[in-house]
Protein chains: 2
Amino acid sequence: MRKSIIVLALLAISFSAAANDSLVFRNISSEIMLHGTCYENLRVLSKKIGHRLSGSPQAEQAIVWAQKALEEAGADKVWLQPVDVPHWVRGKESLKLKFAGSNEYKEVRMLSLGNAVGTDGKMLEATVIIANSFEEFEKIPAKDVKGKIVFFNYRFRQDLVQTFEGYGDAGPYRWRGPSVASAKGAAAVIIRSVSTGLDDFPHTGAMRYADTVKPIPAIAIGNTSADLLEQEMRKGAVQAQIMSECKMLDTIRSFNVIGEITGSVYPDKYIVVGGHLDSWDVGDGAHDDGAGCVQSIEVIRALKALGMKPRYSIRAVMFMNEENGLKGGLAYNDSALARKEEHILAIESDAGGFSPRGFGLAMEENERRQIRSYRHLFLPYGVYDFEREEGGADISPMQRRGVPCAGLHPDPQRYFDLHHTDNDVFEQINHRELKLGAVALAQMVYLASKYGL
Amino acid sequence: MRKSIIVLALLAISFSAAANDSLVFRNISSEIMLHGTCYENLRVLSKKIGHRLSGSPQAEQAIVWAQKALEEAGADKVWLQPVDVPHWVRGKESLKLKFAGSNEYKEVRMLSLGNAVGTDGKMLEATVIIANSFEEFEKIPAKDVKGKIVFFNYRFRQDLVQTFEGYGDAGPYRWRGPSVASAKGAAAVIIRSVSTGLDDFPHTGAMRYADTVKPIPAIAIGNTSADLLEQEMRKGAVQAQIMSECKMLDTIRSFNVIGEITGSVYPDKYIVVGGHLDSWDVGDGAHDDGAGCVQSIEVIRALKALGMKPRYSIRAVMFMNEENGLKGGLAYNDSALARKEEHILAIESDAGGFSPRGFGLAMEENERRQIRSYRHLFLPYGVYDFEREEGGADISPMQRRGVPCAGLHPDPQRYFDLHHTDNDVFEQINHRELKLGAVALAQMVYLASKYGL
């Protein structure tokens, strides 16, 4: 009888704990949906400061803004963490095409790829050759590549329902296409943008030259222009003129911005929730990754507003330089190692401010099982998918040394229409979707802080 | 040994059937994501024809368009089904407010509610009284209501994650607010729009006068204007001037548009997939419900393009007059009854062209169980929620007599920002989200046709 009383008592505790979690989930959600400031914060970051590539004056303004926003959110401590970042600038740039049978060059909308070299403002003129894939390009003899402008015309696979798979599939054309072409003597590279958009927005994004090749100019054109170029090349030879002032300047001092709620039981153990403060130098970086920044700040604000006392220290981290160097993620990890800070979980939101659908779990299988056991709590909030394993770029240095990492996984359909374009702007953000992402992050932080990992 | 061979053979068949379903799901998805025409069809319906309230010239154009689109999609038969519909027209309308301490009337953006009476173009001037809920309104003595303009200032509950619950909660202020106010002698009604929008778009939508009350003018204002009015009423008396030409004309002949693929085994048994062709007379009705129409046409196109021969007859039905009468849904059901057409399933898409998340299942529990057993097939397409029980308005007459009904359940966060406003336009549609909705519909039709219900 004693035993059954104990069993009943334990059952009662466990039921009430579960009921309590679902109630706390509800409170977190209501707090953010009714009183959340992340949407208005994002309006300021996007519309008042705008795009903010590492090293730019706007990136500096964003650092000041983030510090203030974290203080207003009620963080116990806010500080800047020094990071030395690359400083790439675009300058003026243009692409003109002359189609077979025409004597005139026609200007085409374009963006140089990030980190690319330019033409020093001079005109680079050459014949365009087309390759629909790396496989096709391999078959072209080097003599036919030498001195030419290579057009990598690889299409984003619209049939892949998970667009991040499509990004992984097409991304190498941006990342290493220029090196592949240069290795065969190409003068420059044009890529079809890594884009799901049915439009002409060119998508920039990071590229990297292999150490063994000569850096050559590398630009992206939108899908509509790529369709046109493809079609015109079927008719005859196309000449291109590329002009670009883009270049890499000296490394510059910048900062990660960190706000902390000190843990009530384990002040020296940490849960990170973060996004990256830098963006590309186009649009206003609302989805990539203003959203992740304001959502992380919202987590701090909501926990404080609800009077919650997390057992672990909670850090909202705005990483600098995710886009073209990852120096902020590396610096944060180096600092954590040097200070022997134990991190029980790091979460990143860097896939857009859309309706949350799940979390990618980059961690050990037993940890994954634990988080999956919370699935029923998340379901009423439309968060159902815990099967993926992606964390996030900024937290990947921590992930590589075994810190459990998670990535917020929002609905992925619209992201690659906007990603790295002039169309990634605040107007593309829905207030409820953005807030629901913050809700899911705060709920996950709450559980990790309550149960550990 | 014989027995185990049979068991193994049965297992093999059942596994291959399951593997086959997942392959067919993939083929349907790829066909629509790569070659679907629904997005371009919606561009024509939205941008070339525009909004199309029952009885309007645009509704007639939409009927001709739908017939042609179904023929181009490859339907075996396409026909028009006569429906007599109400014919309400808006005409000119305006709302002006004079705040305490001011001598000037200020024009405020507004829309009359659908089916409402107007002021015959005359000026109706009266003092505004406020009620934040029906409960508050009940406590106001009739003498204080008589001759006044009642402002129902009920807010859409942003804390409800499922916005359709918020719509159900706030909707009665639009639907029966005018009757509630008129019963106490009010001269007119202004409602805070049934809206999640952080903007000033007024939302129209159907209202209905109780038989026992005098019809009075009824208008909606956007959230920003409602905030302003609420705030000004705290300072002192507010006067309003309402002018409206809106009125109900004579009933007019219109049509449902139906396209059919004839079943290979059960040509006389039917699966319906549909949306409604009419819209409100604002915006261009892209989400409500151009999306459901073009998705239903896409189901026909994709099944035909893939050479599939459904066992049951598949009908894509574009219902007329969902918005202010439901006459199309009633006429379809009457016709089906008169012709003794057995319907094994009716599916409606009328919740916007957003990423699909599930299906509401308005049917018997055993049928629900059967459909839930397909859940694993839908999961890779982000369709996970089969717990809701909503079907759709147009198919509700069939549902009431026991036909199994299902409603496509897309992500609901953005819908009530746009619903029944000038902002429900094609530019608010994402091509991939729209197509994925069509994918889910076609997959459900495929399963129902293969396994019955």
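In the predicted model, eight strands of chain A form an open sheet of mixed pairing, in which the strands follow one another in the order β3-β2-β9-β5-β6-β7-β8-β4. The edges of this sheet are occupied by β3 (106–108) and β4 (111–112) of chain A, each of which pairs on one side only. Within the sheet, strand β7 of chain A, spanning residues 188–192, and strand β8 of chain A, spanning residues 218–221, pair in the parallel sense over four bridges. In this pairing, Ile190(A) has Ile219(A) of β8(A) as its bridge partner.

A further open sheet in chain A, also described by mixed pairing, consists of seven strands in the order β1-β10-β12-β11-β13-β15-β14. Because β1 (77–89) and β14 (356–362) of chain A stand at the edges with a single partner strand each, one side of each is left without a neighbour in the sheet. On average, and with direction ignored, neighbouring strands of this sheet are turned by 20 degrees against each other. Strand β13 (residues 342–348) of chain A runs parallel to strand β15 (residues 405–410) of chain A, and three bridges join the two; here Ala346(A) stands opposite Cys405(A) of β15(A). Helix α3 of chain A, comprising residues 57–73, packs on the sheet and touches β1, β10 (247–261) and β12 (312–319) of chain A, its direction making about 0 degrees with that of β10(A).

Helix packing was examined for one pair in each chain. In chain A, helix α9 (residues 286–305) packs with α15(A) at an angle of about 55 degrees, the axes lying 9 Å apart. The two helices, α9(A) and α15(A), are therefore oblique to each other, and their crossing is right-handed. On the side of α9(A), the contact is made by Ala291(A), Gln295(A), Ser296(A), Glu298(A), Val299(A), Ala302(A) and Leu303(A), while α15(A) contributes Leu434(A), Gly437(A), Ala438(A), Leu441(A), Ala442(A) and Val445(A). By class, the residues of this contact comprise nine nonpolar, three polar and one charged.

In chain B, helix α2 (residues 38–49) and helix α3 (residues 57–73) pack at an angle of about 160 degrees, with 11 Å between their axes. Since angles over 145 degrees count as roughly antiparallel, α2(B) and α3(B) are therefore assigned to that class; the crossing of α2(B) with α3(B) is right-handed. Asn41(B), Val44(B), Leu45(B) and Ile49(B) of α2(B) meet Gln58(B), Gln61(B), Ala62(B), Trp65(B) and Ala69(B) of α3(B), giving a contact with six nonpolar, three polar and no charged residues.

Between the chains, 23 residues of chain A are in contact with 23 residues of chain B. The elements that give two or more residues to the side of chain A touching chain B are α1 (2–35) and α15 (431–451) of chain A. This side of chain A has eight nonpolar, nine polar and six charged residues.

Chain A can be laid on chain B with an RMSD of 0.0 Å by a turn of 180 degrees, accompanied by a shift of 0.0 Å along the axis. The two copies are thus related as by a two-fold rotation axis. In chain A, the C-alpha nearest this axis belongs to Tyr384(A), at 3.8 Å from it. Both copies use the same surface, as 100% of the contact residues of chain A recur in chain B.

Definitions and conventions. Residues are numbered from 1 along each chain as its sequence is written. Chains are lettered from A and ligands numbered from 1 in the order in which they are written. This is a predicted model: local features need pLDDT of at least 70, side-chain atom pairs count only at pLDDT 80 or more; totals for chains, interfaces and linings use all residues. Two residues are in contact if their C-beta atoms, placed from the backbone, lie within 7 Å. Ala, Val, Leu, Ile, Met, Phe, Trp, Tyr, Cys and Pro count as nonpolar, Asp, Glu, Lys and Arg as charged, and the others, Gly among them, as polar. Two strands pair if DSSP finds at least two bridges between them. Axes are lines fitted to C-alpha atoms, for helices over the stretch in contact, and angles run from 0 to 180 degrees between N-to-C directions. Angles under 35 degrees count as roughly parallel, over 145 as roughly antiparallel, 65 to 115 as roughly perpendicular and the rest as oblique. A crossing is left-handed if the near helix is turned anticlockwise from the far one by less than a right angle, and right-handed if clockwise. Copies are superposed by least squares on the C-alpha atoms of residues with pLDDT of at least 70 in both.
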